[in-house]
Amino acid sequence: MAAKSSIKTTLSFFLVLCLTVILSFTLSCFADPDELQDFCVADLNATKITMNGFPCKPLSEVTNDDFFYSGLVNEANTDNPFGVGIRPGDVTSFPALNTLELTIDVLDLAPGANVPVHTHPRGSEANLVIKGKVLFGFITTNNVLYSKVLNAGELSIIPKGLVHFVENVGPEKAVVVAVFNSQSPGASVIPFNLFGSKPAIPNDLLAKNFLVDENVIASIKSKFGN
């Protein structure tokens with residue numbers, strides 16, 4: 001009996017070990033790929049190679065300036081219906097970020113500005129308030145809302161893939177540094193997804209989803225180019 005128990009314990013341990021290895025491998029497939037060299041400055045002009053990311057610039061063409069970026073210095077234009085300007089710090093503007101699992105953007109928010117409800121399907125987000133008073137909020141898959149107004153020096157976290165929003169609730173301009181753990185976190189902006197897609201989602205389908213008349217949907221779509 002003791003021998004059988006020992007065999008069962010060994011088999012259970014082996015199965016748990018195998019499952020752990022499989023899960024570790026599977027989860028790693030959903031993250032940005034790990035780098036296999038010191039750096040891989042993106043060759044944004046490459047046209048003959050298709051891959052998940054960007055091919056590396058030849059080492060002989062890498063320069064000192066590739067690793068320094070001043071694109072976050074100047075304020076972004078906030079003259080738009082949402083009052084939001086973005087100073088991009090992603091791989092397409094700073095190619096040295098290629099394979100480093102990192103994006104750093106700066107948001108300029110005019111008084112009353114709001115970043116439309118959206119998700120980042122490929123990255124979690126950390127937001128550091130540099131100036132102003134900003135409301136952050138995200139909704140879980142169980143429809144629970146977590147939100148708080150933050151001041152300069154305070155930090156918020158938005159888990160990967162969850163619907164969230166940002167609003168300047170102070171009387172003056174606000175500035176936020178947004179950091180993502182992906183070189184390409186993506187952004188699905190819900191209002192534009194639903195009401196500005198090409199081709200358009202049928203009005204009757206949206207009307208049924210939002211429990212409103214189709215004329216309401218048509219009116220909203222007209223504001224998003226549909």
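Here are a few friendly notes on salt bridges and one helix pair in this predicted model.

1. A good place to begin is the charged side chains. The structure holds four salt bridges, and three of them are described in the points below.

2. Look for Lys57 and Asp66, whose side chains meet in a salt bridge at 3.1 Å, N to O. Lys57 is partly exposed, at 21% relative accessible area, whereas Asp66 is buried, at 15%.

3. Next, find Lys173 and Glu75, which form a salt bridge of 2.7 Å, N to O. Lys173 lies in the loop between β8 (163-168) and β9 (174-180), and Glu75 in the loop between α1 (2-28) and β1 (84-87), so this pair ties together parts 98 residues apart in sequence. Glu75 is exposed, with a relative accessible area of 59%.

4. Arg87 and Asp108 also meet through their side chains, in a salt bridge of 2.7 Å, N to O. This pair links strand β1, which holds Arg87, with strand β2 (residues 103-109), which holds Asp108, and the two residues are 21 apart. Arg87 is buried at 9% relative accessible area, and Asp108 is buried at 0%. Glu75, Arg87, Asp108 and Lys173 are linked in a network of salt bridges.

5. Finally, turn to helices α3 (residues 203-210) and α4 (residues 214-222), which pack at about 110 degrees with their axes 8 Å apart. The angle makes α3 roughly perpendicular to α4. Their contact has five nonpolar, one polar and three charged residues. On the α3 side are Asn203, Asp204, Leu206, Ala207 and Phe210, meeting Glu214, Ile217, Ala218 and Lys221 of α4.

Methods:
Residues numbered from 1 in each chain as written. Predicted model: local features only at pLDDT ≥ 70, side-chain atom pairs only at ≥ 80, totals over all residues. Heavy atoms only, no water. Axes fitted to C-alpha atoms, helices over the stretch in contact; angles between N-to-C directions. Helix = DSSP H or I, 4+ residues; strand = E, 2+ residues; numbered from the N terminus. Parallel < 35°, antiparallel > 145°, perpendicular 65-115°, else oblique. Contact = heavy atoms within 4.5 Å. Nonpolar A, V, L, I, M, F, W, Y, C, P; charged D, E, K, R; others polar. Buried < 20%, exposed > 50% of the residue type's maximum accessible area, 1.4 Å probe, protein only.
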